[in-house]
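Trainee: I would like a close look at a single part of this model, the largest nonpolar core. Which residues have the most contacts inside it, and which elements give two or more residues to it?

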Amino acid sequence: DLHVEFSISAAGQQLFDNASLKLAKGRRYGFLGPNGGGKTTLLKHLALRKLPIPEAWSVALVQQEAEATEFAVVDEVLASDTKRRKMLAEEASLLAKLESSEDKGGEELDAAELEQLCQRLAAVGEELEASGAEAAEARVRKILCGLGF
């Protein structure tokens, strides 16, 4: 769990003064309130980790308004998870290097490079598993369904 006391001002206006925020790990939060109250500013501070958030916690900020695209809402939300997207891209790159090496009879990589590539691939796989990346789409669909999408 997290308990932090903070003050935030924006454009010369004090939005939060000696405010207290308590968050429980594993929960999802949204803020409701009048316009101009600082909800978006607070969420941006959390997402940018300007407030002390444990590094292991995943924080995502979905904008209030978004331009229409040809992508499904699920894909847009999944794409906003930059950490997951970067890990998946690294995994794909590592797999491509290994496959191209195999196609050429393994001549392109020496044993040390191959070992290093395999170790990094294993580490990325563990990170993806620990972050729940495989279940991300199901979680996103469940949340969006609850929001009426």
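Mentor: What follows starts at the core and then moves to the parts around it. The model is predicted, and the values below are computed from it.

The largest nonpolar core has 14 residues. Phe6, Phe16, Leu21, Leu42 and Leu46 are those with the most contacts inside it. Two or more residues each come from strand E1 (2–10), strand E2 (13–23) and helix H1 (39–47). E2 gives the most to this core, with five residues.

Phe16 is a good place to begin. Leaving aside neighbours within four places in sequence, Phe16 is in contact with Phe6, Ser7 and Ile8, and also with Gly37, Gly38 and Leu42. Both Phe6 and Leu42 are also listed among the core residues with the most contacts. Apart from this core lies another, of eight residues, which include Leu94, Leu98, Leu117 and Leu121.

Asn18 also lies in strand E2. Its relative accessible area is 62%, so Asn18 is exposed. With neighbours within four places in sequence left aside, Asn18 is in contact with Phe6 and Ser7. The C-alpha atoms of Asn18 and Glu5 are separated by 6.0 Å, while the two residues are 13 apart along the chain.

The loop between E1 and E2 holds Ala11. Ala11 is not a glycine, yet its phi is positive, at about 50°. Its relative accessibility is 89%, and therefore Ala11 counts as exposed.

On the helix side, His45 is found in H1. His45 counts as buried because its relative accessibility is 19%, and the cut-off for buried is under 20%. Not counting residues up to four places away in sequence, His45 touches Ile8, Lys50 and Leu51. Ile8 is also one of the contacts of Phe16.

After H1 comes Arg49, in the loop between H1 and helix H2 (73–79). Arg49 has a positive phi of about 60° and is not a glycine. At 29% relative accessibility, Arg49 counts as partly exposed.

E2 and H1 also belong to the surroundings of a pocket. They are the elements that give two or more residues to the lining of the second largest pocket. H1 gives the most to that lining, with three residues. The pocket has a volume of about 160 Å³. Its lining consists of 12 residues, and Asn35, Gly36, Gly37, Gly38 and Lys39 lie nearest its centre. By class, the lining has nine polar, two nonpolar and one charged residues. Gly37 and Gly38 are also in contact with Phe16.

A further helix, H5 (residues 136–146), can be read by its two sides. Its buried residues are Ala136, Val140 and Leu144. Seen down the axis of H5, these buried residues fall within an arc of 60°, so they line one face of the helix. The exposed residues on the other side of H5 are Ala138, Lys142, Cys145 and Gly146. Just after H5, Gly148 takes a positive phi of about 90°.

Notes. Residues numbered from 1 in each chain as written. Predicted model: local features only at pLDDT ≥ 70, side-chain atom pairs only at ≥ 80, totals over all residues. Heavy atoms only, no water. Buried < 20%, exposed > 50% of the residue type's maximum accessible area, 1.4 Å probe, protein only. Helix = DSSP H or I, 4+ residues; strand = E, 2+ residues; numbered from the N terminus. Arc of directions from axis to C-beta. Core = buried A, V, L, I, M, F, W, Y, C linked by side-chain atoms within 4.5 Å. Contact = heavy atoms within 4.5 Å. 1 Å grid on protein atoms, 1.4 Å probe; cavity = no way out; pocket = protein on both sides within 12 Å on 5 of 7 lines; lining within 4 Å. Points joined across faces, edges and corners; volume = space filled by probe spheres on them. Nonpolar A, V, L, I, M, F, W, Y, C, P; charged D, E, K, R; others polar.
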